[in-house]
Structures are given as structure tokens and as C-alpha cells.
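This briefing introduces one protein chain to a reader who has not met it before. Please look over the sequence and the structure below before reading on.

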Amino acid sequence: MGTQNDKDYVYGTPSTEDSNGLWKSAPSDPDVTNEEYDRAYEVMEDWLSRLGKVGYRKGCHFYFRGDNFGDRTQYLEIVDPSVLHIKVLLALQSLLREPRFAQWRIVIPTYLDKPSGIMVYPSAIVVGQPRHELSSTELSDIVKRMKEKDVRRASEEQPPSTLGIAE
């Protein structure tokens, strides 16, 4: 952790557990400007449409939240967990390997538990505590748990008549 302009930063490729506060890929990175953030958000959101249907409604796959907390982090919300494959993560990583995005990361909240949050960096895709490279087996388990949570949540949101309960 480092301090610059009275802000605490975490550097490198931390897991979600280790990433409290603002993040920079390296201490020498300049602070992100609002213009840079907005431009990156627009380009990344447009690029995301190559991987699937962008949006937050039923039938969509995922979307970037666009929350600017003052660092180079984009939060990718997963609407349909079945699209979360290792190929998608590698495609996101390839975007971050473009020189214009080399100081960025993508956080994929899973809403299961904090160690299950997926962090995509140009040099690594990490998860867990202790922090480690995400394996395809572990990703499959996370997706399975996300789907199970979605099914439970959907059944809890249904009115009693659709649950087979007599009125």
C-alpha cells in the first residue's frame, strides 16, 4: 500500500480481499482523470458487445457499471452467469493488454463471498484468499454457485401463486 496525494493505494495484482481502497498498477501511475475514465468506459462498453449482449435486463449477459471511484477499475456485472467462461476472461484480459488499457483492471463481483470476486489484470486473473490464479475448475464452481444463488433469489421473488402454493 502506498500514499499519494493523501490517498491510499494498493498496487499490483491484489485479490478482492487485499484490494480495499484505491488501486494503481504501479506507484508511478498518474491519477486517473474523469475524462480518461469516461473515455475508457465508453470504449470498453462498446468492446464488450463483441462478447455478448450488453445490458442489465433479462436476456442480457453483462454490463460495466461505470462507477468512477477515482482509480482505473471497471466493474463488470454479470447478469447471466452461464456466459462467464475462461474464454470471456481471457478476452477481457486481452483488452487490458492493449497499451491504452495497460494500467486498468476489471473486477467481476460474484456476490457469493468476497474471496470469490474475480480480478482481471493485464498480467493475471486472480481470485481468493490467499490470492491465486483462477483455474477453469474454480471458475466452473463459481459459475455453478452464482446460478444456484440466482435460482434461489428468483424463487424468493415469485408471487406465491407461481410457486405452486394454493391461494
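The points below go from the overall layout to single residues.

The model is predicted. The protein chain has three helices and nine strands, and 40% of its 167 residues count as buried.

**Overall layout**

- Read from the N terminus, the elements of the protein chain follow the order β-β-β-α-β-β-α-β-β-β-β-α.
- Among contacts in the protein chain with a separation of 6 or more, 53% are between residues 24 or more positions apart.

**Nonpolar cores**

- The largest nonpolar core holds 31 residues. Those with the most contacts inside it are Leu-76, Leu-84, Leu-89, Leu-92, Ile-108, Ile-118 and Val-120.
- At least two residues of this core come from each of helix 1 (34–48), helix 2 (86–96) and helix 3 (136–157). The same holds for strand 4 (62–64), strand 5 (73–78), strand 6 (105–108), strand 7 (118–120) and strand 8 (125–127).
- Helix 2 contributes the most to this core, with six residues.
- Apart from this core lies another, of seven residues, including Trp-23, Tyr-75, Met-119 and Tyr-121.
- As a general tendency, nonpolar side chains in soluble globular proteins are buried together.
- Leaving out residues up to four places away in sequence, Leu-89 touches Leu-84, Ile-108, Ile-118, Val-120, Ile-125, Leu-134 and Leu-139.

**Arg-105 and Thr-73**

- Arg-105 lies in strand 6, and Thr-73 is in strand 5.
- Arg-105 has a relative accessible area of 2%, so it counts as buried.
- Thr-73 has a relative accessible area of 1%, so it is buried as well.
- The side chains of Arg-105 and Thr-73 make a polar contact with each other, at 2.8 Å.
- Setting aside neighbours within four places in sequence, the residues in contact with Arg-105 include Pro-14, Ser-19, Trp-23, Asp-71, Arg-72, Gln-74 and Leu-96. Met-119, Val-120 and Tyr-121 are also among them.
- On the same basis, Thr-73 is in contact with Trp-23, Tyr-37, Asp-67, Trp-104, Arg-105 and Val-107.
- Trp-23 is therefore in contact with Arg-105 and is also in contact with Thr-73.

**Tyr-75**

- Tyr-75 is found in strand 5.
- Its relative accessibility is 16%; the limit for buried is under 20%, so Tyr-75 counts as buried.
- Tyr-75 and Ile-106 are 31 residues apart in sequence, while their C-alpha atoms are 5.8 Å apart in space.
- Not counting residues up to four places away in sequence, Tyr-75 touches Tyr-63, Phe-64, Arg-65, Asp-67, Phe-69 and Val-107.

**Largest pocket**

- The volume of the largest pocket is about 240 Å³.
- It is lined by 18 residues, of which Thr-16, Tyr-75, Val-107, Lys-114 and Met-119 are the closest to its centre.
- Strand 6 supplies the largest share of the lining, three residues.
- By class, the lining of the largest pocket consists of nine nonpolar, five polar and four charged residues.
- Two of these central lining residues, Tyr-75 and Met-119, also belong to the core of seven residues.

**Val-127**

- Val-127 is in strand 8.
- With a relative accessible area of 1%, Val-127 is buried.
- Val-127 and Leu-139 are 12 residues apart in sequence, and the distance between them is 9.4 Å, C-alpha to C-alpha.
- Leaving out residues up to four places away in sequence, Val-127 touches Pro-115, Ser-116, Gly-117, His-132, Leu-134, Glu-138 and Ile-142.

**Backbone features in loops**

- Most peptide bonds are trans, and most residues other than glycine have a negative phi.
- A cis peptide bond joins Gln-129 and Pro-130, with omega about 5 degrees.
- Pro-130 sits in the loop between strand 8 and strand 9 (132–133).
- Tyr-111 has a positive phi, near 60 degrees, and is a residue other than glycine.
- Tyr-111 is placed in the loop between strand 6 and strand 7.
- The relative accessible area of Tyr-111 is 48%, so this residue is partly exposed.

Methods:
Residues are numbered from 1 along each chain as its sequence is written. This is a predicted model: local features need pLDDT of at least 70, side-chain atom pairs count only at pLDDT 80 or more; totals for chains, interfaces and linings use all residues. Side-chain values use heavy atoms; hydrogens and water are left out. A nonpolar core is a set of buried Ala, Val, Leu, Ile, Met, Phe, Trp, Tyr and Cys residues joined through side-chain atoms within 4.5 Å. Buried means under 20% relative accessible area, exposed over 50%, partly exposed in between (1.4 Å probe, protein chains only). Helices (H or I, at least four residues) and strands (E, at least two) are DSSP runs, numbered from the N terminus. Contact means heavy atoms within 4.5 Å. A polar contact is a pair of N or O atoms within 3.5 Å; within protein, one must be able to donate a hydrogen and the other to accept it, and residues adjacent in sequence count only if both atoms are side-chain atoms. On a 1 Å grid over the protein atoms alone, a cavity is a set of points where a 1.4 Å probe fits but cannot get out, and a pocket is an open set with protein on both sides within 12 Å along at least five of seven lines; lining residues have an atom within 4 Å of a point. Grid points are joined across faces, edges and corners, and a volume is the space filled by probe spheres set on the points. Ala, Val, Leu, Ile, Met, Phe, Trp, Tyr, Cys and Pro count as nonpolar, Asp, Glu, Lys and Arg as charged, and the others, Gly among them, as polar.
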